[in-house]
Amino acid sequence: MVISGRVPLLLLLGVVAVVLRPSAGTVVLWLLAVALFVGADLLLAPSSGSVGLHRRPPGTVRLGDPAESALTVANDGGRTLRLEVRDAWQPTAGATGNRHRVSLPGGERRVLRTALRPWRRGDLRAFGVTVRSWGPLHLAAKQRTYDVPGSVRSLPPFESRKHLPSRLAQLRELDGRAAVRIRGAGTEFDSLREYVRGDDVRSIDWRASARTPHVVVRTWQPERDRRVVLVLDTSRTAAGRVGGTGDQGGMPRLDAAMDAALLLAALASRAGDRVDFVAGDRRVRARLRAAGARDIAARLQESMADLEPTIVEADWDTLAGAVQGFGKQRALVVLLTPVEPSAVQQGLLPVLPTLTRHHRVVLASVRDPELNRLADERGTVDEVYDAAAAEQELRRREWTADVLHRLGVHVVDADAERLPPALADHYLALKAQGLL
Amino acid sequence: MTTTTAPPPTTAPDPGEVATAGFWRRNRVWFYVGIALAVALALSARVSQGDQEFSAPLDPQNPDPDGAQALAQVLEDEGVDVTIVRTADALHDAEVGRRTTVLVTGSDQLAPSTTRRLRDDAGSAEIVLVEPPPYVLSEIQDDVEPAHASDETTGDCADDRFDGLELAVDAATGYDTPDGCFPSNDGFVLAQGPGATTYFGAGEALSNDQVLRGDNAAVALRLLGGHDRLVWYLPTYDDAADDEAVSLWTFAPSWLEPALWLTFFATIALIWWRGRRLGRLATEPLPVVVRAVETTRSRGRMYRRADDRPYAGGALRAAARRRLADHLRLGRGASESEVITAVAHHLGRPEEAIGALLAHHAPVPGSDHGLVQLAQELTQLDREVRRG
């Protein structure tokens, strides 16, 4: 039972009656009268049981973009309903204006729209629909909350999209149109064309030149149809926040790694390579085979949306098994996991040889700039001890990176913002050398 | 701990004691000032207590100009038995007979119930009410109004005690009773009430200050010395019955209380209206927030707690050697002595000095301060090498 603001007003109106007839009896009579009206209104208020609630899924949006929740309210009974409806969402869904007043004649339906603007990645869920059904005097109402499931999927923002055009331009330079190519084992013969000044004299095809009056050069195109496997680590090491200040500042390593994976996937798919994706910690949490898909970034975002770091150690046996499950063909395996000495030594190192035997392995790590800052600050005793610990940690990292390097794994270690372009550049370098 | 030996007796005073003594010596002046102030306060309180005990106007024990100690003394000297009564109970206990006068000064403190008790206790005795206010008058007699009277009046009346006497005060009050003495305007300053009650409207004439003015003394003595015994009653509000208190509520309009009740219920309804939520509070499943450097920081705190300077110093030196080796392009495998030689050569400084900073087996700083210094010197060295 709910009362409206009219009830206290009605009670205050009793002051007039009390002034006219000042006695305790007037007060009691007035209270009784108001209670009678409120009770009658409550009895006359139609039950919200005859309300049909139906939600249209708001679908998928990129983090920070607006969405809309459409809730259909149907009056299945014959009486007119005067409703107050709250379409509640979890706070990070950013629902604004989610309280609706609607007068619904019998048999009609109405769509209530609530604007959403998610500000957290993942599946953001509806919390419940609360319906208030007012009586004819609008004094009292019946209230009930219904569970109408629904969720809006908020995709990773793909901030590094801005780096894509410049990397695509570099990719085109690799292409045969510019004859400046390095002849390597993996590059593929494209065509013959007339020599123009500036072309590398080493690429002149003498045999073909002999048959024509002009000097002819061979052109090459970068290798195509290679495989790229992205392995995203969602274990405890991905939960650490980097960058920013304060407890809530910065972002988890996982989000930075996602950004890097998205840029690489977009670039690789444009370069004609096939991209596979697997994410997990103790078990595989997401897997995507995207052979030849054009909108690989969007599909990747979709499958990454609901990934959250878990506080467990990664099981690299499982993840390596998932990589092998994509096929035996040689691939570029990108491990998106921080160079965390203990985690790498105990979890990753034992399974690396099986991966490096078949594939080219790159480890992309989100570095924490805070660690270097900690090592540099030496003003007070506390800071010096912290600096010693940080130096120790940096040394262990360096050592771990060395070990990985010796096992044939290339380590790309960069800050959260610089990791996506650094990884993309490394991919382009490999492609230029035909090492995929 | 039975083997613990007692500390050897020393002549040097305990540092705590020294500090306490110093405190006393430094603040001695303030200490004395404090004591003096306390004594002065106590004395003045005691002195003023004696003064203030009976400060009411026309109090028989008040020697001030507005008191009436003079009159009380003169009456006693004249052989009148003056009994001072300050509560209604004491008045009840006092022997009030037919040959008694009951004088009431400060009658503005007579509550209705006290007035009734006064009249009951006085019985047939003569009552003299000094300057009774209207609410006291209305308890005794209907339709008597006090009115302003002229300053000097003559006792123009049938009572030969006052006939021909002159009453002179600064302000007097007259009462419009049918009978009385000292007529002024429409009433009498000495008015005859019902029974043996008299209203005296010139209380000032009894005060120490004015009693000698005109024939005031004669009027007072004749009025009060008529009988052998005088009961001087000074009523107080303390004797009033509980339900006689006058509060703000008495003046409030009659609808105020029920209106307040209605407002109270309206407030409850308001709280109910605003307090009822439209559904539960929406909650957020919050992720775990971990700073990535948290483990490094806690390791640093652990070193600090253990005071492990050798380890911390070693780590800092090793990091500095590694960085310098990188910078001077000595390669990863460069040994400690190679790095020291290269740095000394690069900066043109003796190898021993560089070795004391960088070498793994160089002496470890003995204090936290030394460790901070070492860390800063290593940073400085790094900077110099980069610059040079």
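An open sheet of three strands is built across the two chains of this predicted model, in the order 15(A)-14(A)-12(B) and with mixed pairing. Helices and strands here are DSSP runs numbered from the N terminus (H or I and at least four residues for a helix, E and at least two for a strand), and two strands pair if DSSP finds at least two bridges between them. Strand 15 (251-252) of chain A and strand 12 of chain B sit at the edges with a single partner strand each, so one side of each has no neighbour in the sheet. The link between the chains is a parallel one: two bridges connect strand 14 of chain A with strand 12 (residues 290-291) of chain B. Along it, A:Gly240 stands opposite B:Val290, and A:Arg241 stands opposite B:Arg291.

A word on bookkeeping: residues are numbered from 1 along each chain as its sequence is written, while chains are lettered from A and ligands numbered from 1 in the order in which they are written. Since the model is predicted, local features need pLDDT of at least 70 and side-chain atom pairs count only at pLDDT 80 or more, whereas totals for chains, interfaces and linings use all residues.

Stepping back to the whole interface, 61 residues of chain A are in contact with 45 residues of chain B, contact meaning that the C-beta atoms, placed from the backbone, lie within 7 Å. On the chain A side, the elements that give two or more residues include strand 14 (240-242), helix 1 (6-20), helix 2 (24-44) and helix 11 (381-406) of chain A. Helix 11 of chain A supplies the largest share, 14 residues. By class, this side of chain A has 31 nonpolar, 14 polar and 16 charged residues; Ala, Val, Leu, Ile, Met, Phe, Trp, Tyr, Cys and Pro count as nonpolar, Asp, Glu, Lys and Arg as charged, and the others, Gly among them, as polar.

Helix 11 of chain A also packs against helix 8 (residues 341-348) of chain A, at an angle of about 30° and with the axes 9 Å apart. Axes are lines fitted to C-alpha atoms, for helices over the stretch in contact, and angles run from 0 to 180 degrees between N-to-C directions. The two helices, helix 8 and helix 11 of chain A, are therefore roughly parallel to each other, a label for angles under 35 degrees (over 145 is roughly antiparallel, 65 to 115 roughly perpendicular, and the rest oblique). A:Pro341, A:Val344 and A:Gln345 in helix 8 of chain A meet A:Arg396, A:Arg397 and A:Thr400 in helix 11 of chain A, which splits the contact into two nonpolar, two polar and two charged residues.

A second helix pair in chain A lines up too. Helix 3 (residues 164-174) and helix 12 (residues 419-432) of chain A have axes that come within 11 Å and cross at roughly 5°, and are therefore roughly parallel to each other. Here A:Arg167, A:Gln170, A:Leu171 and A:Leu174 in helix 3 of chain A meet A:Ala424, A:Leu428, A:Lys431 and A:Ala432 in helix 12 of chain A. The residues of this contact come out as five nonpolar, one polar and two charged.

Chain A also holds an open sheet of six strands, ordered 17-16-13-18-19-20 with mixed pairing. Strand 17 (284-290) and strand 20 (409-414) of chain A are its edge strands, each pairing on one side only, and the twist averages 15° from one strand to the next. Strand 13 (residues 227-233) and strand 18 (residues 331-336) of chain A pair in the parallel sense over six bridges, with A:Leu232 opposite A:Leu336. Helix 5 (residues 253-270) of chain A packs on the sheet, touching strand 13, strand 16 (274-280), strand 18 and strand 19 (360-366) of chain A, and its direction makes about 170° with that of strand 13 of chain A. Helix 7 (residues 316-325) of chain A lies across strand 13, strand 16, strand 17 and strand 18 of chain A, at about 160° to strand 16 of chain A. Strand 16 and strand 17 of chain A run antiparallel, joined by six bridges, and a hairpin of three residues connects strand 16 to strand 17 of chain A.

As for confidence, the predictor gives the complex an ipTM of 0.70 and a pTM of 0.62. Chain B averages a pLDDT (the predictor's confidence in each residue, from 0 to 100) of 83, and 91% of the residues score at least 70. Over residues 1-13 of chain B, pLDDT stays under 50. In an unreviewed entry, UniProt places a "transmembrane region" at residues 29-47 of chain B; UniProt positions follow the numbering used here, feature names are shortened, and annotations may be inferred rather than shown by experiment. In the model that span is 100% helix and 0% strand, and its end C-alpha atoms lie 27 Å apart.

Methods: Contact = placed C-beta atoms within 7 Å.
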